[in-house]
Amino acid sequence: MGPAPTSAAGSVGPVETRYADLPDPIELDCGRRLTQVRVAYETYGTLSPERDNVILVCHALSGDAHAAGRSVTSTESTRDGFGAEDRDGTGTQGLGWWDGMIGPGKAFDTDHFFVVSTNLLGGCRGTTGPSSVNPETGRPYGSDFPVVTVADMVRTERAFLATLGIERLAAVAGGSLGGMQALQWAVQYPDRVGAVVAIASTHALHAQGLAWNAIARDAIMRDPDWQGGHYHGTGRAPSAGMGVARMVGHVTYLSSDAMTDRFGRGLQSSADVRYTITDAEFQVESYLRHQAGTFVRRFDANTYLYTSRALTYFDLARQHGDGSLAQALEGVAARTLLIAFSSDWLYPPSASKDIADALLGLGKPVEFHVIDAPYGHDCFLLEEGRQTPIIRRFLSA
């Protein structure tokens, strides 16, 4: 092999995803247990001798363990925020999904912190999930995989970190579902978390969010090729339903203004309509079909179902506070940073404000920032430059 490529300024450079097999079963909220659990992970920076500089970064629904740097084993990337291809170009193939936030001098500064990223439980990018082989049958779990929760994901992350000899985290950070995990860490293991950075997240999805997730899941399960969840090895997969689910999800991540500015009513390939039902007449239709096709090639439909269900179950007040958010947060010991975006209607600023108000009412240290930006929920992936100074200042306090 030749010399490794020179790292760009601020980059963690070339990275390789690694795998850890957990020594003990994971006990799940549904009452079942998972044995022989494997976790895919990456690390960036240097672990301090005291092991006190660790930041765990948690990904959203479509992410994976590859959060920063350039993968040495794959050209695929989950940097799929709105307009990611236009922003990144083909020269950034294999780039981590939060590369703009993790590295020397970035929001999560690897000159000071040891950053860990894992693929969550139920994933399809190296961590045990529905596409993994069930040790009891020798076949992929499919829909026999147990239903998992955000708390189960966090339980698995803690068990994985123990294999690295890490017992306490300087911070846990993430956006969307990743932010839910960060908040769950603070509630579930308050003595093991120094700070929380929850971005474009919530303590519980609102009814509209629950509804859109239900439609996306139904699109997959109503595809005949889903086959009750046991499609692996049959030569057929629910690609059509999965594509529709991705289209639905992608639209919920955007704002009306962002879509209007990007596409308007622009036609895709002619000066006038062609009076067709099947072809993509409008640019926005073509864009969504492209997003669907790209996603289907890299993601497992069952993982989408299980992860979507986990984030809809997430409800801190119900699960930890007998219906009271303040009661659920009463034991939190971490400093908390909440960042929301003005145009995000799926995880609206009001949800973060609810958390901030509850923490303030309990006398807990919390910062709450709303960034005025037009891209909807995808802002947490796109507005890296505006988040960075807020996060750097918070982590240095």
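## Starting with what "buried" means

A residue counts as buried when its relative accessible area is under 20%, as exposed when that area is over 50%, and as partly exposed in between. With that cut-off, Glu281 is buried, because its relative accessible area is 8%. Keep in mind that you're looking at a predicted model.

Glu281 also has a partner: it forms a salt bridge with Arg274, and the closest N and O atoms are 3.3 Å apart. Arg274 sits on the other side of the cut-off, since its relative accessibility of 37% makes it partly exposed.

## The chain as a whole

Now let's step back. The chain has 397 residues, and 55% of them count as buried. Its radius of gyration is 21 Å, which agrees with the value near 21 Å for a compact globule of that many residues. Along the principal axes, the C-alpha atoms fill a box of roughly 65 × 60 × 50 Å.

You'll find 13 helices and 14 strands along the chain. Among the contacts with a separation of 6 or more, 73% are between residues 24 or more positions apart. On the outside, the accessible surface adds up to about 16600 Å², and carbon and sulfur atoms account for 51% of that.

## A look at helix H5

Helix H5 covers residues 239-252. Its 14 residues should span 20 Å at 1.5 Å a residue, and the end C-alpha atoms are indeed 20 Å apart, so the two values agree.

Which residues of H5 are buried? They are Gly241, Met242, Gly243, Ala245, Arg246, Val248, Gly249, His250 and Thr252. What covers them includes helices H4, H7 (283-298) and H8 (301-313).

## More salt bridges

Side chains of opposite charge can pair when their charged atoms come close. In this structure there are 13 salt bridges. One of them joins Asp99 and Lys106, with 3.6 Å from N to O. Here both ends are tucked away by the cut-off: Asp99 is buried because its relative accessibility is 10%, and Lys106 is buried because its own value is 15%.

Another salt bridge links Asp357 to Lys353, and their closest N and O atoms are 2.8 Å apart. The two residues are four apart in helix H11 (residues 349-361), so about one helical turn separates them. Asp357 is partly exposed at 40% relative accessibility, and Lys353 is partly exposed too, at 41%. There's also a network of salt bridges that links Asp29, Asp152 and Arg155.

## Two loop residues with a positive phi

Most residues other than glycine have a negative phi. Arg51 is not a glycine, yet its phi is positive, at about 60 degrees. You can find Arg51 in the loop between strands S5 (38-44) and S6 (54-58), where its 37% relative accessibility makes it partly exposed.

Ala200 is not a glycine either, and it has a positive phi of about 50 degrees. Ala200 lies in the loop between strand S12 (195-199) and helix H4. Is Ala200 buried or partly exposed? With a relative accessibility of 0%, Ala200 counts as buried.

## A nonpolar patch outside

Finally, let's visit the surface. Trp212, Ile215 and Trp345 form a nonpolar patch there, and together they have about 270 Å² of accessible area. Ile215 belongs to helix H4, which runs over residues 207-221. Its relative accessible area is 44%, so Ile215 is partly exposed.

Technical notes:
Residues are numbered from 1 along each chain as its sequence is written. This is a predicted model: local features need pLDDT of at least 70, side-chain atom pairs count only at pLDDT 80 or more; totals for chains, interfaces and linings use all residues. Side-chain values use heavy atoms; hydrogens and water are left out. Patches are made of residues with over 30% relative accessible area and no salt bridge: like charges are joined within 9 Å, nonpolar side chains (Val, Leu, Ile, Met, Phe, Trp, Tyr) within 5 Å. Accessible areas come from the Shrake-Rupley method with a 1.4 Å probe; for residues, only the protein chains shown count as cover. A salt bridge is a side-chain nitrogen of Lys or Arg within 4 Å of a carboxyl oxygen of Asp or Glu. Buried means under 20% relative accessible area, exposed over 50%, partly exposed in between (1.4 Å probe, protein chains only). The radius of gyration is taken over C-alpha atoms; the globule rule is 2.2 Å times the number of residues to the power 0.38. Contact means heavy atoms within 4.5 Å. The expected span of a helix is 1.5 Å times one less than its number of residues.
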